[in-house]
Structure formats: structure tokens, C-alpha cells
Amino acid sequence: MAEQSLVLPSIAAMRLEPHLPPSPSTSPGKDISPSSEPPFVTLTFATSLDSALSLGPGMRTTLSGLRSKAMTHYLRSRHDAICVGVGTAIADDPGLNCRLAAEAPPLETSPTSDTAGVGALLGLASISTKQSVIDETNGTVTTHQPRPIVIDPKLRWDFTSESKVMKLARAGKGLAPYIITAVPNPPEDKKELLQDLGGKFIILNEPQSFGPNVGSDNRRFDWRTILAAVRNEGLQSIMIEGGGEVINSLLSQENSHLIDSVIITIAPTWLGQGSVFVSPPRNVNANGSSSAVARLTNITYMPLGEDLVLCGNIASQD
Ligand SMILES: NC(=O)C1=CN([C@@H]2O[C@H](COP(=O)(O)OP(=O)(O)OC[C@H]3O[C@@H](n4cnc5c(N)ncnc54)[C@H](OP(=O)(O)O)[C@@H]3O)[C@@H](O)[C@H]2O)C=CC1
Ligand SMILES: Nc1nc(O)c(N)c(N[C@@H]2O[C@H](COP(=O)(O)O)[C@@H](O)[C@H]2O)n1
């Protein structure tokens with residue numbers, strides 16, 4: 001049975017634009033040389049009403065509807081890199097490519113309910129919109145693909161040539177991953193598999209920190225070091241998708257200033273106890289009192305299908 005095409009009204013793309021980095025560096029004339037400037041960081045994920053990402057660790061869970069999924073793939077078309085932690089790579093066997101069609105279909109004569117919804121919110125209900133389409137049936141793709149980055153300090157992800165991201169890279173429908181690890185000598189067969197498809201291991205030797213909830217055998221890379229390594233590859237923007245540990249550590253007081261933009265899909269569902277939750281470590285001030293960890297400002301709300309997309313910037317904590 002043919003899968004349904006996913007549609008993103010261009011008015012929604014327009015509303016996302018202020019929350020996005022400059023166009024990806026594959027655009028002609030863009031400087032893709034390594035630099036000491038950090039990449040533009042977009043934190044983006046889909047959450048339930050109880051702040052859950054999935055039904056449990058190791059469980060792939062669909063939260064986004066077709067329209068908000070199209071929005072996520074638009075984001076993939078607008079970033080140089082896409083990052084997940086190894087927990088997500090193992091749980092989801094993700095593709096991490098962009099499946100937006102290169103060609104937009106003809107203009108719709110009457111707006112869809114989503115288009116009308118967004119338009120009404122803007123007072124622009126009469127604007128006819130071009131559409132962006134993901135056609136998962138024939139796998140039509142855009143010209144720009146983000147580079148998958150997997151943070152896997154101990155090399156727990158046992159990827160093979162049959163992993164989804166590798167199959168897509170082989171088919172020319174995505175890029176092979178860069179895997180950030182602390183293992184000094186990764187296995188040769190994995191190295192070859194990656195290299196054949198244009199991926200690689202990035203070995204970080206920098207000292208690792210011990211996070212608040214992290215044991216001594218689970219040392220963590222400093223996010224500044226991760227982002228510097230990404231920028232050193234000429235990648236100027238990165239969307240960080242998850243999972244729970246990655247998001248919670250980025251939203252912590254220590255790291256949230258590294259985030260340039262936050263784009264969250266909120267699905268109208270509760271996943272319940274035992275899920276993987278977004279809930280960063282609490283702020284405890286010098287006098288022992290508690291305060292909010294982070295707050296968004298410069299907010300845009302956008303209904304897409306049954307979901308609500310929330311965009312914003314991390315507010316300054318001064
Ligand atoms: N709804 C959504 O939008 C999304 C949902 N998900 C879901 O999230 C779940 C996975 O989340 P979770 O289990 O928390 O796993 P994560 O994907 O967050 O991966 C966590 C692991 O990544 C490594 N890691 C992360 N940050 C660092 C760092 N700074 N330095 C070194 N290593 C690091 C660690 O590996 P190690 O343990 O080896 O040290 C850590 O245990 C899955 O169920 C997935 O489906 C994922 C993405 C998006
Ligand atoms: N936006 C969004 N909505 C959901 O409902 C999700 N479960 C996710 N998960 C993220 O997308 C990755 C899967 O990507 P592919 O479709 O395989 O390319 C998954 O690994 C999560 O990062 N995202």
C-alpha cells in the first residue's frame with residue numbers, strides 16, 4: 001500500500017525561517033572551511049503532553065503526525081548536520097536523512113485545514129501556498145542532505161551495512177554518519193564500512209566531564225568540544241534531535257546557552273509513566289533555592305495537523 005505523502009505548507013516554512021540558521025553550507029559560494037566559531041545549534045524533538053519522547057528507553061515511538069513530520073524534514077533540509085545520542089541510534093535504527101521532495105507540486109486551489117489554520121493564526125487565510133512534499137513511496141529526496149552525527153563514546157552502536165542510515169547512504173538518499181567516540185582504535189571493519197560510504201569516526205581525546213547523573217564509567221564529552229569537532233568538519237549548523245539524555249544535558253544550566261534555537265513538536269497524547277522524559281537537571285542556586293532551568297522567549301506557535309509546533313530561543317538567565 002502506498003504511504004501517504006507528507007505536506008508542509010510554505011507559509012509554515014516561512015514562519016520557521018526566523019528560527020533557522022542561514023542556508024546550509026552546500027549552497028554555492030558558502031564558506032565551508034573549519035572555523036573556531038561554533039555551529040548554529042537547533043534543539044528539536046517531538047514530545048507528548050507529559051513531556052515524553054518515547055514509551056521507554058530502546059523504544060521507537062511515533063509522536064509526530066504527517067504534517068509535523070514534514071516540518072522536521074524541512075528542518076533536516078536546512079541544517080548541515082543532524083545529531084543523536086547512541087541510545088537513539090540503537091533504539092530507532094534511524095535514517096537521519098531528508099525526505100522532502102525536490103520539486104513542489106502545483107499550487108493548491110483551496111487551502112488544507114492546516115494551511116487555513118496557520119493562515120488564520122497569521123490573518124493570512126486567503127494566501128494560496130506552495131507545498132513541500134515528502135514522498136516516502138518513491139523516496140524522492142531534496143538535493144541537500146544533513147550529515148548524521150552519532151555520539152557514541154564507547155562504540156555501543158553495532159551498525160552494519162543493513163542499518164537504515166547506511167542503506168540510505170548507499171542508495172544516494174542520505175549521508176553516512178560521523179560517529180563521535182572516545183575509543184582510540186575503532187574496529188577496522190566498522191571503519192571500512194563507514195569510509196566506503198563517506199562516513200568516519202571522530203575520536204575525541206579531550207578530557208571528559210562527569211555530569212550530575214553520570215557515573216565514573218560514563219564520562220561525558222563537553223558539549224563545547226562536540227560542537228567544535230562538528231564545526232571543524234566544515235559543518236556550520238546542526239539540529240540535535242535527541243534522545244532523552246542528550247536533550248536533558250543540553251537544556252541544563254551549564255549548556256543551554258549553546259542552543260541558538262528550539263523547535264518542539266507537541267503531540268496531543270500522554271505516554272505515561274516509564275517513558276523517556278524531557279526533564280533537565282534542576283537549578284539549585286547558591287542559597288539553596290530552586291529556579292526554572294530554562295525558559296523560551298521569542299515564541300512562535302504553529303498548528304500543523306493535530307500537533308502544535310513551538311519555536312523559540314533560550315531566554316538569557318541574567
Ligand atoms: N520524540 C523524539 O523526538 C525523539 C525520541 N527519541 C527517543 O529517545 C530514546 C533514547 O533516549 P536515551 O535513551 O536518553 O538516549 P540518547 O539518544 O540520549 O543517548 C544517550 C547516550 O549517548 C551518549 N552521550 C550522550 N551525550 C553524551 C556526551 N555529552 N558525551 C558522551 N556521550 C554522550 C551516552 O552513551 P554511553 O551510555 O555509551 O556513554 C548516553 O548514554 C529512544 O526511545 C528514542 O526513540 C530520540 C530522539 C528524538
Ligand atoms: N520529529 C520526530 N517525531 C517523532 O515522532 C519521532 N519519533 C522522532 N524521532 C526522531 O527521528 C528519528 C527517526 O528518523 P527517520 O525517520 O528514521 O529518519 C529518530 O531517531 C529520532 O531522532 N522525531
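This is a short presentation of a predicted model of one protein chain with its ligands.

Let me start with the chain as a whole. Its secondary structure amounts to eight helices and 15 strands. Of its 318 residues, 42% count as buried. If one takes the contacts with a separation of 6 or more, residues 24 or more positions apart account for 77% of them.

I turn next to the interior. The largest nonpolar core contains 69 residues, and I149 and I238 are the ones with the most contacts inside it. Strand β2 gives the largest share of this core, namely five residues. What does I149 touch, once its neighbours within four places in sequence are left aside? Its contacts are A81, I82, C83, P177, Y178, I180, V230 and I238. The list therefore includes I238, which was named a moment ago as one of the two residues with the most contacts in the core.

Strands β6 and β7 deserve a closer look. They cover residues 147–151 and 178–181 respectively. The two run parallel and are joined by three bridges. One pairing to note is V150, whose bridge partner in β7 is I179. Both faces of β7 are covered: on one side Y178 and I180 are buried, and on the other I179 and T181 are buried.

T181 can serve as an example from that strand. Why does T181 count as buried? The count of other C-beta atoms within 10 Å of T181 is 21, and the threshold for a buried residue is 20 or more. Not counting residues up to four places away in sequence, T181 touches D152, P153, L155, P186, F201 and I203. As for V41, that residue is 140 residues from T181 in sequence, and the C-alpha to C-alpha separation of the pair in space is 20 Å.

Now to helix α7, residues 223–232. Its buried residues are W223, I226, L227, V230 and R231. Viewed down the helix axis, these buried residues fall within an arc of 135°, so they line one face of α7. What does that face pack against? The buried residues of α7 pack against strands β2, β4, β6, β7 and β9, and against helix α8. V230 in particular is among the residues in contact with I149. Just after α7, G234 adopts a positive phi of about 80°.

I come to the ligands, beginning with ligand 1. Of the 32 residues around ligand 1, the nearest are G85, G87, G242, G243 and G244. Which elements supply at least two residues of this shell? They are β2 (40–47), β3 (52–54), β4 (81–85), α3 (86–92), β9 (237–242) and α8 (244–250). Helix α3 contributes the largest share, five residues. By class, the shell around ligand 1 holds 14 nonpolar, eleven polar and seven charged residues.

Ligand 2 is surrounded by 17 residues, of which A46, L63, S64, P94 and G95 are the closest. Elements giving two or more residues to this second shell are α3 and β9. The shell around ligand 2 divides into five nonpolar, nine polar and three charged residues.

To close, I would return to two elements. Helix α3 and strand β9 each supply at least two residues to the shell around ligand 1, and both also give two or more to the shell around ligand 2. Strand β9 is, in addition, among the elements against which the buried residues of α7 pack.

How values were computed:
Residues are numbered from 1 along each chain as its sequence is written. Chains are lettered from A and ligands numbered from 1 in the order in which they are written. This is a predicted model: local features need pLDDT of at least 70, side-chain atom pairs count only at pLDDT 80 or more; totals for chains, interfaces and linings use all residues. A residue is near a molecule or strand if its C-beta atom, placed from the backbone, lies within 6 Å of it. Helices (H or I, at least four residues) and strands (E, at least two) are DSSP runs, numbered from the N terminus. Ala, Val, Leu, Ile, Met, Phe, Trp, Tyr, Cys and Pro count as nonpolar, Asp, Glu, Lys and Arg as charged, and the others, Gly among them, as polar. A residue is buried if 20 or more other C-beta atoms lie within 10 Å of its own, exposed if 12 or fewer, and partly exposed in between; C-beta atoms are placed from the backbone. The arc is that of the directions from the helix axis to the C-beta atoms. Two residues are in contact if their C-beta atoms, placed from the backbone, lie within 7 Å. A nonpolar core is a set of buried Ala, Val, Leu, Ile, Met, Phe, Trp, Tyr and Cys residues joined through C-beta atoms within 7 Å. Two strands pair if DSSP finds at least two bridges between them.
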